[in-house]
Amino acid sequence: MRFWGGSFVSGPFGEVLYQGPHDKEEVHVATLDLSRIDEIRVHWPFLRDRRIDTYKSILNRFIDEE
């Protein structure tokens with residue numbers, strides 16, 4: 001039986017650095033360059049530039065009235 005999904009380690013841009021096998025249990029230790037994360041945050045400031053005022057509508061449930 002194969003289940004959907006799996007374990008993986010990704011980099012700051014979503015690139016897959018390691019993907020665990022689906023057919024056996026495995027423990028993997030990944031080494032990450034934390035300075036690369038800081039560099040990405042400086043040059044691609046997604047969180048700084050987001051417009052949180054546009055997220056208000058997704059906080060409502062479907063059955064809630066506007």
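**View 1. Proline 21 sits in the loop between S2 and H1.** This close-up comes from a predicted model. With a relative accessible area of 31%, proline 21 is partly exposed, because that label covers values from 20% to 50%. Look also for phenylalanine 8: along the sequence it is 13 residues from proline 21, and in space the two are 9.2 Å apart, C-alpha to C-alpha.

**View 2. The structure holds 1 aromatic pair.** Which two rings form the pair, and why is it called tilted? The partners are phenylalanine 13 and tryptophan 44, with ring centres 5.6 Å apart and planes at 55 degrees, so the pair counts as tilted. The pair joins distant parts of the chain, since its members are 31 residues apart. Phenylalanine 13 belongs to the loop between strand S1 (8-10) and strand S2 (16-19), while tryptophan 44 belongs to the loop between helix H1 (34-43) and helix H2 (46-49).

**View 3. Are the two ring residues buried, partly exposed or exposed?** Phenylalanine 13 has a relative accessible area of 48%, so it is partly exposed. Tryptophan 44 is also partly exposed, with a relative accessibility of 48%.

**View 4. Stepping back, the protein has 2 helices and 2 strands.** Follow the chain along its sequence and you will meet them in the pattern β-β-α-α. How much of the protein is buried? Buried residues account for 8% of its 66 residues. The accessible surface of the protein is about 6,900 Å², and carbon and sulfur atoms contribute 56% of that surface.

Notes. Residues numbered from 1 in each chain as written. Predicted model: local features only at pLDDT ≥ 70, side-chain atom pairs only at ≥ 80, totals over all residues. Heavy atoms only, no water. Helix = DSSP H or I, 4+ residues; strand = E, 2+ residues; numbered from the N terminus. Buried < 20%, exposed > 50% of the residue type's maximum accessible area, 1.4 Å probe, protein only. Areas by Shrake-Rupley, 256 points an atom, 1.4 Å probe, with all protein chains shown as cover. Phe/Tyr/Trp six-rings, centres within 6.5 Å; stacked < 30°, edge-to-face > 60°.
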